[in-house]
Amino acid sequence: MTSWIDHTIWWHVYPLGFTGALEAGPGHRLDRLEAWLDYAVELGCNGLALGPVFASETHGYDTVDHLRLDPRLGDDADFGRLVAAARRRGVRILLDGVFNHVGRGFPRFAAALREGPDSPDARWFRPRGDDYDCFEGHRSLVALNHDEPAVAEYVATVMRHWLDRGADGWRLDAAYAVPPEFWRAVLPQVRATHPDAWFAGEMIHGDYAGYVAGSGLDSVTQYELWKAIWSSLNDRNLFELAWALERHDGFTEAFTPFTFVGNHDVTRIATRLEEPRHLPHALVVLFTVAGVPAVYYGDEQGFHGQKEDRAGGDDAVRPAFPDSPAALASWGRPTYRLHQRLIGLRRRHPWLVRARTSVEHLTNEAAALRSRPADGGPGITVLLNAGAEPYRFPISLEGLRVLDSAEEKEPDDPARVPAYGWAILG
């Protein structure tokens, strides 16, 4: 049985950065996203995955009020207008739920500090020494106590509130730090009134399939594949990619992974790749294997940005965008067009969301990948040549035609892929 998520490709935006709100005072800035909805649709995306939009102290991940829009972005009416504008275009909305931790200005934490460790509010948090536990050493991010029933009830209330307001699902930030049993308790409460909502957890390392099974989530982020894509290209070691795709197939048997080559927490793919001509290879893999793909805003224009481990180190990958697409520089157009082509191909093969991918031929710099429908069928064949010389693939391509490729003309020999080239056949 299919659902709306099987046909969704997300355009992922960090709103506080996108709108220039991060260092600003209160204002109605969320409306700026409406001018970009047609751009996202023309790209081929029909989902808008929003980073944090709730009232916070600084970067959005230190929430102080989950039921109020960040005043730097606007108010409840601004959110309603964005939902309505998205609905008119058939665009779904995914919200970023930061439910592992809160900012120190969160009212219940302030009450816990004021009333002491034996107060009801203090049960929402985990004592540590003369303070409270925090997320990964960040004192400003106070960890919630997920064993406290009131926390589970609160999270379910927040989720239902914004789903009632028009959201379609939740990305659950730092899910890997939350016991899966917590989501197992929360999600049935939410699904009782919103059975079609989609829930994807942020997982970096660990047992992806086990966490999905234990938590009841629909999906988790596929960081293994993200890392293998850029690392295998940089190292000229496509065996790493092949290994990751084998594991990816295993994950896909249990759930549909949330896939990406860029997001708000990592160096941009165009910066990460040491050879610019490898960017198309990364995109071809993303859009021809199983998963629910997301395109991080600016990646479709070939933006560069280095994440750094310091205060403000995310700024380069969370930039402000201009008021409208017309203000974008023309140099990003070829990368945008390549995204359009590959997303278009994916939409013509909607079974790719749950495809199985096998490696038909493999060297350090060349790979032939076959993606097929999970229930059988001919599928498509992807030829990747990451090397500096042309490569002829020693596999049978009889009966196949080129669906798209790095070359602008139909090749005389589809098995021969030029240097740094690629081809998709079916």
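The backbone nitrogen of E398 lies 3.5 Å from a polar atom in the side chain of S396. This is a feature of a predicted model, and S396 belongs to the loop that runs between β19 (391-392) and β20 (402-405). S396 counts as exposed because its relative accessibility is 63%, and the cut-off for exposed is over 50%. P350 is 46 residues away from S396 along the chain, and the C-alpha atoms of the two are separated by 25 Å.

**Two other single residues**

R268 also sits in a loop, the one between β14 (258-260) and α10 (269-272). Is R268 buried or exposed? With a relative accessible area of 1%, R268 is buried, since buried means under 20%. The side chain of R268 reaches the backbone oxygen of Y297 at 2.8 Å. Apart from neighbours within four places in sequence, the residues in contact with R268 are Y296, Y297, G298, D299, F303, H304, G305, V317 and P319.

A150 is placed in helix α5. Its relative accessibility is 26%, so A150 counts as partly exposed. Between A150 and S232 there are 45 Å from C-alpha to C-alpha, and the two are 82 residues apart in sequence.

**Helices α3 and α6**

The table gives the spans of two helices.

| Helix | Residues | Number of residues | Span between end C-alpha atoms | Expected span |
|---|---|---|---|---|
| α3 | 76-88 | 13 | 19 Å | 18 Å |
| α6 | 180-191 | twelve | 16 Å | 16 Å |

For α6 the span agrees with what is expected at 1.5 Å a residue, and for α3 it is close to the expected value.

In α3, the buried residues are D78, F79, L82, V83, A85 and A86. Seen down the axis of α3, these buried residues fall within an arc of 165°, so they line one face of the helix. Among the elements that cover the buried residues of α3 are α2 (37-43), β2, β4 (63-69), β5 (92-97) and α5. At the start of α3, a side-chain oxygen of D75 comes to within 3.1 Å of the backbone nitrogen of A77. Just after α3, G90 has a positive phi of about 75°.

In α6, the buried residues include F182, W183, V186, L187 and V190. Where do the buried residues of α6 fall, seen down its axis? They lie within an arc of 110°, so they line one face of the helix. They pack against α5 (149-164), β11 (169-172), β12 (198-201) and α7 (208-215).

**Strands and their pairing**

Strands of a sheet pair through backbone hydrogen bonds, either parallel or antiparallel.

Strand β1 (residues 10-13) has W10 and H12 pointing one way and W11 and V13 the other way, and all of these are buried. β1 pairs in the parallel sense with strand β15 (residues 292-296), over three bridges, and W11 stands opposite V295 of β15. β1 also pairs in the parallel sense with strand β2 (residues 47-50), over four bridges. In that pairing, A49 of β2 is the bridge partner of H12.

Elsewhere, three strands form an open sheet in the order β6-β10-β9, with antiparallel pairing. Its edge strands are β6 (101-103) and β9 (134-135), each of which pairs on one side only. Strand β10 (residues 138-143) and β6 pair in the antiparallel sense over three bridges. Within that pairing, V102 stands opposite V142 of β10.

**Nonpolar cores**

In soluble globular proteins, nonpolar side chains tend to be buried together. The largest nonpolar core of this model has 114 residues, and those with the most contacts inside it are W11, L95, F125, V155, M159, W170 and W183. Which helix gives the most to this core? α5 does, with nine residues. A second, separate core has eleven residues, including I5, W10, A49 and V292.

W11, from β1, is thus named in the largest core, whereas W10, which points the other way from β1, is in the second core. W183, one of the buried residues of α6, is also named in the largest core.

F125, another residue named in the largest core, is in contact with V102, F106, R108, F109, A112, Y132, V142, A143, L144 and N145, leaving aside its neighbours within four places in sequence. V102 and V142 are the residues that stand opposite each other in the pairing of β6 and β10.

Notes
Residues numbered from 1 in each chain as written. Predicted model: local features only at pLDDT ≥ 70, side-chain atom pairs only at ≥ 80, totals over all residues. Heavy atoms only, no water. Buried < 20%, exposed > 50% of the residue type's maximum accessible area, 1.4 Å probe, protein only. Helix = DSSP H or I, 4+ residues; strand = E, 2+ residues; numbered from the N terminus. Pairing = 2+ DSSP bridges. Polar contact = N/O pair within 3.5 Å; in protein donor to acceptor, adjacent residues only side chain to side chain. Expected span 1.5 Å × (residues − 1). Arc of directions from axis to C-beta. Contact = heavy atoms within 4.5 Å. Core = buried A, V, L, I, M, F, W, Y, C linked by side-chain atoms within 4.5 Å.
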